[in-house]
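User: Could you take a close look at one part of this model for me, the small open sheet, and set it against the chain around it? I'd like the odd backbone spots covered too.

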Amino acid sequence: MTYFAIVNKSRAQLATMLQGAGQQGGRRPVIAIALLLCAGLALGAGIGIADNALLRAKVQSQQTQLDLARRDAQREVNALAARLGELQAEANRLNALGERLTRIGQLQDGEFDFNKPVGVGGAGPVRDMSKAELDSGLATLDAQFKASGDQLSVLEALLFNRQLDMNAVPSREPIANSYITSGFGGRADPIVGGKQFHKGIDFEADVGDPVLAVADGVVSYSGVRSGYGNVIEIDHGNGYVTRYAHNSRLTRKVGELVRAGQEVAKAGSTGRSTGAHVHFEVWERGRVVNPRNFLSQQSPLQLKIKG
Ligand SMILES: [Zn+2]
């Protein structure tokens, strides 16, 4: 075989092979492409379905969260509404208190309006309350509290002034649980006999018993006075001065502020005295007066409460 013969044979074989391949390959690409397309479509559809499901799940979860948040918010609104109810009940009590104080203090009606109705309090809301309702309820309550607060402030100032006036009048007894042993005015002198003007009232006391200020004031004298022994004098600032004599000990100094009912001395029998007692005098604008005129005075507030 020649070289050319070998080459030609090979060529022919190659041609046959190529032809065969060409014939077969002519059908296969169609199948391949179809398969590829199917696979692609399937994949595409698969991806599409998966995407859709994911999106739906996402929306569902967001919806759930939204519902939860909404329910939480409503729960908070309802809790606030319940609190609002409590505060309204509180406002009711405050108004009732103001009304009672006004009545006790016999204050002019009209100036104080404690009867103004406030919203119903007590049990929480039976239905969901809207935020707008809650806001308006709170605003109303706020105004009510402010009004009540203003009224009570005025009331307090009035009662305080009245209390000051009352406390500045020597209307209490200078010793607790005692009784009068000697009254004001002419009487027989207990030491030397004969007629004598008794400038005060004597109260029975034991040595060391607390002697009490009969009204608010400032200690204007604390020391020994002839006949009176250890004496305390209180200036009440409204023309009244009270004097507490024969004490065993003085517990206040000049210039000290004392309140009605506070101790100013210990009872005793110093000075011109036959035994332990409290000698009590009231001076009105420099003139000695009968303390009984004041001792019988009762607080108008107390009288009202009792009545
Ligand atoms: Zn006396």
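Analyst: Of the contacts in the protein chain with a separation of 6 or more, 67% come from residues 24 or more positions apart; a contact here means two C-beta atoms, placed from the backbone, within 7 Å. Bear in mind that this is a predicted model, where local features need pLDDT of at least 70, side-chain atom pairs count only at pLDDT 80 or more, and totals for chains, interfaces and linings use all residues. Residues are numbered from 1 along each chain as its sequence is written.

The protein chain has four helices and 13 strands. These are DSSP runs numbered from the N terminus, with helices (H or I) of at least four residues and strands (E) of at least two. Buried residues come to 20% of the 307 in the chain. Buried means 20 or more other C-beta atoms within 10 Å of a residue's own, exposed means 12 or fewer, and partly exposed is in between, with C-beta atoms placed from the backbone.

Now for the sheet. It is open and made of three strands in the order 5-11-9, with antiparallel pairing. Strand 5 (210-212) and strand 9 (249-250) sit at the edges with a single partner strand each, so one side of each has no neighbour in the sheet. Two strands count as paired if DSSP finds at least two bridges between them. Strand 9 and strand 11 (residues 263-266) run antiparallel and are joined by two bridges. Leu 250 has Ala 265 in strand 11 as its bridge partner.

On to the backbone oddities. Most residues other than glycine have a negative phi. His 246, in strand 8 (residues 240-247), goes the other way with a positive phi near 70°. His 246 is buried, because 27 other C-beta atoms lie within 10 Å. Asn 177 also has a positive phi, near 50°, but this residue belongs to the loop between helix 2 (131-167) and strand 1 (180-182). Asn 177 counts as exposed because there are just 7 other C-beta atoms within 10 Å.

One last stop is Arg 287, which is part of strand 13 (residues 287-289). Its C-alpha atom is 9.3 Å from that of Tyr 240, although the two are 47 residues apart along the chain. Arg 287 has 8 C-beta neighbours inside 10 Å, so Arg 287 is exposed.
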